[in-house]
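Got your viewer open? Let's walk through some empty space and some aromatic rings, one selection at a time.

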Amino acid sequence: MKNTVLLLFFFALMGCSDAPRETLKDHLLEDWRSLDREVTDLRKLVQSDTDPKKVVQAFSQSRLAYKNVEWALEYFQPETGRFVNGPALDEIEFEENRVFPPAGFQVIEELLAENDPKIKSEILREIDILRSNLEQARRHFEAISISDAQALDALRQQTYRIITLGITGFDSPIMFTSIAEAAVSLKSIGQTLEHFKTPVPEKLRREISNAVLFCNRTDFNTFDRAQFIVRFANPISASLAEFQQVARLETVTRQRVVRNQSPTLFDRQAFDADAFVPSNEYKTNPQKVALGEKLFYDPQLSGDGSRSCATCHQPEKAFTDGLRTNSALNGHSLTRNTPSLSYAAFQNAQFWDLRQLDLEKQSVDVIRNTDEMHGDFVQITKKLSANPTYSKGFKKAFPKSGQIEDWHVQNAIAAYIRTLGKFNSRFDAFMRGDLKALSNQEVEGMNLFMGKAKCATCHFTPLFNGTVPPIYAKTEQEVLGTPQDHTNRAQSNDAGRYEQNQLPQLRGAFKTPTVRNVAKTAPYMHNGAFRTLAEVVDFYDSGGGVGLGFKLENQTLPPDRLNLTANEKQALIAFMESLSDQ
């Protein structure tokens with residue numbers, strides 16, 4: 001590589017027009033060397049007890065250098081990326097019941113924020129781990145080839161990453177350098193495109209340049225995320241999709257939630273509701289949906305014929321029941337609130353404790369549950385088989401099968417639930433260019449949601465649930481320290497996901513649900529503790545359970561107060577209400 005750089009310099013010095021073109025891979029590896037130099041300099045400054053302000057400045061420079069290569073690392077080596085720039089929380093592998101301590105920039109950021117000379121050795125150790133991971137990644141890139149098609153796919157994902165994570169504070173939760181880093185990420189997209197075989201359209205160059213300027217004119221709290229997405233990020237995303245056609249680059253085939261052909265994240269058909277189906281034979285078709293809707297409202301699925309799925313998942317309440325906690329068949333109260341089924345398709349884990357991976361298993365769990373429906377699939381399939389209308393419906397939906405099977409019932413219900421994400425709220429209209437769809441207060445609320453209030457660091461735009469973008473392969477849980485009720489006097493004693501996986505990090509952990517249609521789904525939280533959105537906002541503003549004074553060692557929600565004003569709280573609620581489907 002050194003010889004290539006010298007040759008380029010020689011040709012430029014001699015004024016030769018036949019200088020060899022720097023390849024995309026050469027460009028990436030040069031950026032990687034720059035990153036290594038920045039991290040090495042950071043280590044030297046920490047080692048020599050340099051002024052803490054200069055150390056923080058060097059750290060910020062190393063993060064900016066990382067943003068030049070993030071598009072490649074997160075696309076080609078996401079496992080390594082998790083330990084370079086992932087959250088400062090333990091990484092859990094549930095299949096093996098193993099826990100990996102966090103590592104990378106966000107861990108170092110937390111340590112630097114303590115400003116404690118006693119932890120110097122710990123900071124140096126974390127920097128060494130970071131350097132090791134970066135070196136491992138660099139060697140991988142030296143060994144592989146990167147096609148223009150792969151690189152463009154990676155750059156499109158980087159655009160989505162900027163929108164969903166980069167401008168929210170997810171990457172820099174303490175120093176709030178996210179907007180400056182977003183500018184570097186955008187600039188890196190433009191610089192990488194210049195190494196493609198096909199010339200970059202001037203329109204795309206201009207869009208990227210304008211987006212960078214927009215980011216550089218503001219700071220974290222004043223950054224207008226709504227305008228940024230509509231005026232800059234979405235046009236860049238659409239232009240990258242157009243460039244793929246112009247450059248005649250093949251579509252990279254990967255199973256993913258965001259459809260390749262979607263021009264932006266906010267297109268009505270951007271998300272594939274079939275992304276988490278168990279296998280191809282489970283994919284949705286209109287016949288399954290029609291059959292599933294009929295089954296959803298049929299009380300024959302319960303043991304005593306008194307309850308259907310719709311009894312507890314009512315359409316007018318965004319498929320919840322309006323109760324603090326659900327009622328059992330015998331009338332006593334259950335321990336948990338009925339979660340909404342709207343947008344449930346866009347999570348790869350169901351129930352508050354994430355105990356089932358897909359909607360098919362979710363329906364089995366509920367139908368067989370002695371408290372909820374107490375149904376028997378042997379009896380259910382007998383009843384359905386004896387019904388001429390159902391027999392005809394199953395033959396249309398499952399033409400290759402000669403008889404009604406358990407999985408047909410489960411799949412049909414799941415197919416119907418997969419249609420319950422409409423993406424037609426006023427927020428969606430705004431994101432698609434109708435700037436009158438949201439009021440000024442609602443736009444302010446969106447900027448708070450994605451900024452100062454930190455909501456979008458767990459409820460990721462635009463699904464507003466815990467399925468992590470831009471890959472959307474994992475649904476997260478959080479430990480919030482939710483109280484038993486709205487009086488905030490005592491903490492909930494529900495162990496949450498800990499009941500499925502006995503790891504101390506998971507005690508009190510619950511799935512992050514979608515905030516879409518949240519205006520219709522009161523009361524809130526896993527136990528229905530809060531009656532209104534105002535109570536929910538106050539809870540987060542206080543710093544969760546720890547902020548309320550509960551003793552909680554494993555809370556994943558930052559315990560610091562958000563210091564939201566009364567007007568800001570009202571704007572937040574107004575924005576969340578704009579997420580209701582029309």
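What follows is a tour of a predicted model, going from a pocket to the cavities and then to the rings.

**Stop 1: the second largest pocket**

Start by selecting Glu91, Val468, Ala473, Lys474 and Thr475. Of the 42 residues that line the second largest pocket, these lie nearest its centre. Put a surface on if you like: the space in there comes to about 1400 Å³.

Now colour by secondary structure. Helix H4 (70–76), helix H5 (78–85), strand E1 (91–93) and helix H8 (148–166) are the elements that each give two or more residues to this lining. Which of them gives the most? That's H5, with six residues.

Next, recolour the lining by residue class. You should get 18 nonpolar, nine polar and 15 charged residues around the second largest pocket.

**Stop 2: the cavities**

Now for the enclosed spaces. Counting those of 30 Å³ or more, there are three cavities. We'll visit two.

For the largest cavity, select Asp153, Arg156, Gln157, Tyr160, Arg256, Val258, Arg259, Asn260 and Pro470, which make up its lining. They surround about 80 Å³ of space. By class, that lining splits into three nonpolar, two polar and four charged residues.

Then swap the selection to Ala149, Leu152, Asp153, Arg156, Gln244, Leu249, Glu250, Thr251, Val252 and Asn260, the lining of the second largest cavity. The volume here is about 60 Å³. H8 supplies the largest share of this lining, four residues. As for class, the second largest cavity is lined by four nonpolar, three polar and three charged residues.

Keep Asp153, Arg156 and Asn260 highlighted for a moment: they show up in the lining of the largest cavity and again in that of the second largest cavity.

**Stop 3: rings around Phe296**

Hide the surfaces and show Phe, Tyr and Trp side chains as sticks. The model has 35 aromatic pairs. Zoom in on Phe296 and Tyr297, an edge-to-face pair with 5.3 Å centre to centre and 70° between the planes.

Is Phe296 buried or exposed? Its relative accessibility is 0%, so Phe296 counts as buried. Its partner Tyr297 has 36% relative accessibility and therefore counts as partly exposed.

Add Phe319 to the selection. Phe296 pairs with Phe319 as well, again edge-to-face, at 6.0 Å centre to centre and 75° between the planes. Trace the backbone between the two: Phe296 is in helix H12 (residues 286–296), while Phe319 sits in the loop between helix H13 (309–312) and helix H14 (359–368), so this pair ties together parts that are 23 residues apart in sequence. Phe319 counts as buried too, because its relative accessibility is 9% and the cut-off is under 20%.

**Stop 4: a cluster, then charges over rings**

Select Phe266, Phe427, Phe449, Phe464 and Phe575 together, since you'll want them in one view. They form one aromatic cluster.

Two arginines round off the tour. Centre on Phe351 and look for Arg355, which lies over the ring's face at 3.8 Å from the ring centre. Then jump to Phe94: the charged end of Arg497 sits over that ring, 3.6 Å from its centre.

Technical notes
Residues are numbered from 1 along each chain as its sequence is written. Side-chain values use heavy atoms; hydrogens and water are left out. On a 1 Å grid over the protein atoms alone, a cavity is a set of points where a 1.4 Å probe fits but cannot get out, and a pocket is an open set with protein on both sides within 12 Å along at least five of seven lines; lining residues have an atom within 4 Å of a point. Grid points are joined across faces, edges and corners, and a volume is the space filled by probe spheres set on the points. Ala, Val, Leu, Ile, Met, Phe, Trp, Tyr, Cys and Pro count as nonpolar, Asp, Glu, Lys and Arg as charged, and the others, Gly among them, as polar. Rings of Phe, Tyr and Trp (its six-membered ring) pair if their centres lie within 6.5 Å; planes under 30 degrees apart count as stacked, over 60 as edge-to-face and the rest as tilted. Buried means under 20% relative accessible area, exposed over 50%, partly exposed in between (1.4 Å probe, protein chains only). A charge sits over a ring if NZ of Lys or CZ of Arg is within 6 Å of the ring centre and within 35 degrees of the ring normal.
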